[in-house]
Amino acid sequence: MKKLIIHGDPGIRRDAVINYDGEEYICFAIDRQGDWHGPDRVQLWCTIGTEDEREAFEKREFVPHWLDTEGVDAEAIEVVRKSGQAA
C-alpha cells in the first residue's frame, strides 16, 4: 500500500483500477486537493494498493504517515477502470 499524488485529474474515483509503474493498483481512497486555493492543477491524493491489501485498508491496519508517497502526472498513469461500478 502507498500514497500516490496525481497532478491533474484523470477522471478516476474510489475503487478505480489504474496501471502505474508497470503494476495494477486499486484506488482505495481519493482526496481531491487544490480546487479553491491550491496549485494551478488539481491534485488527487490516492491511497493505492493491491486486492490483497484491501482488508488491511478497510480495517485500518496501517499508519497513513508511514506509507511511501510518490508523485506523478495524470498522463503517466493508465486508467483500467474509472470507478468501482461496472461501466
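Guide: A charge is said to sit over a ring if NZ of Lys or CZ of Arg is within 6 Å of the ring centre and within 35 degrees of the ring normal. The structure above is a predicted model, and one such case occurs in it: the charged end of arginine 60 sits over the ring of phenylalanine 57, 4.7 Å from the ring centre.

Visitor: What makes the distance between arginine 60 and the ring of phenylalanine 57 acceptable?

Guide: The distance is 4.7 Å, and the limit is 6 Å. The distance condition is therefore met.

Visitor: Why does arginine 60 count as exposed?

Guide: The relative accessibility of arginine 60 is 54%, and exposed means over 50%. Arginine 60 therefore counts as exposed. Arginine 60 is placed in the loop between α1 and β5, and it has a positive phi of about 55 degrees although it is not a glycine.

Visitor: Which residue in the loop between β1 and β2 is to be noted?

Guide: Aspartate 15 is found in that loop, between β1 (2-7) and β2 (17-20). Aspartate 15 is not a glycine, yet it has a positive phi of about 70 degrees.

Visitor: How many aromatic pairs does a search of the whole structure find?

Guide: The search finds 3 aromatic pairs. One of them joins tyrosine 20 and tyrosine 25, and this pair is tilted.

Visitor: Why is the pair of tyrosine 20 and tyrosine 25 called tilted?

Guide: The centres of the two rings are 6.4 Å apart, and the limit for a pair is 6.5 Å. The angle between the planes is 45 degrees; an angle under 30 degrees would count as stacked and one over 60 as edge-to-face. The value of 45 degrees meets neither condition, so the pair is tilted.

Visitor: How do you know that tyrosine 20 and tyrosine 25 are buried?

Guide: Buried means under 20% relative accessible area. Tyrosine 20 has 9% and tyrosine 25 has 8%, so each of these residues counts as buried.

Visitor: Why is the pair of phenylalanine 28 and phenylalanine 57 called stacked?

Guide: The ring centres lie 5.1 Å apart and the planes stand at 20 degrees. Planes under 30 degrees apart count as stacked, so the pair receives that name. Phenylalanine 28 belongs to strand β3 and phenylalanine 57 to helix α1 (residues 54-58), so the pair ties together parts that are 29 residues apart in sequence. Phenylalanine 28 is buried at 3%, and phenylalanine 57 is buried at 10%. Ring pairs link Phe28, Phe57 and Phe62 into a cluster.

Visitor: How do you know that the sulfur of cysteine 27 is too far from that of cysteine 46 for a bond?

Guide: The two sulfur atoms are 4.6 Å apart, and a disulfide requires them to be within 2.5 Å. The distance is therefore too great for a bond. The search of the whole structure finds 0 disulfides. Cysteine 27 is buried at 0% relative accessible area, and cysteine 46 likewise counts as buried at 0%.

Visitor: Which residues have the most contacts inside the largest nonpolar core?

Guide: This core has 14 residues, and those with the most contacts inside it are Leu4, Ile6, Ile12, Ile18, Tyr20 and Ile48. The strands β1, β2, β3 and β4 give two or more residues each to the core. The largest share, 3 residues, comes from β4.

Visitor: In what order do the strands form the sheet, and what is the pairing?

Guide: The order is β5-β1-β4-β3-β2-β6; these 6 strands form an open sheet, and the pairing is mixed.

Visitor: What makes β5 and β6 the edge strands?

Guide: Strands β5 (69-73) and β6 (78-81) each pair on one side only. From one strand to the next the twist averages 40 degrees.

Visitor: How do you know that β2 and β3 pair?

Guide: A pair of strands needs at least two bridges, and 4 bridges join β2 to β3. The two strands therefore pair, and they run antiparallel. Among the partners, tyrosine 20 is matched with glutamate 23 in β3. The strands β2 and β3 form a hairpin with 2 residues between them, and aspartate 21 in the turn has a positive phi of about 55 degrees.

Visitor: How many bridges join β3 to β4, and how many join β2 to β6?

Guide: Strand β3 (residues 23-33) and strand β4 (residues 43-49) pair over 7 bridges in the antiparallel sense, and glutamine 33 stands opposite glutamine 43 in β4. Strands β2 and β6 pair in the antiparallel sense over 3 bridges, and arginine 81 in β6 is the bridge partner of valine 17.

Conventions: Residues numbered from 1 in each chain as written. Predicted model: local features only at pLDDT ≥ 70, side-chain atom pairs only at ≥ 80, totals over all residues. Heavy atoms only, no water. Axes fitted to C-alpha atoms, helices over the stretch in contact; angles between N-to-C directions. Phe/Tyr/Trp six-rings, centres within 6.5 Å; stacked < 30°, edge-to-face > 60°. Buried < 20%, exposed > 50% of the residue type's maximum accessible area, 1.4 Å probe, protein only. Core = buried A, V, L, I, M, F, W, Y, C linked by side-chain atoms within 4.5 Å.
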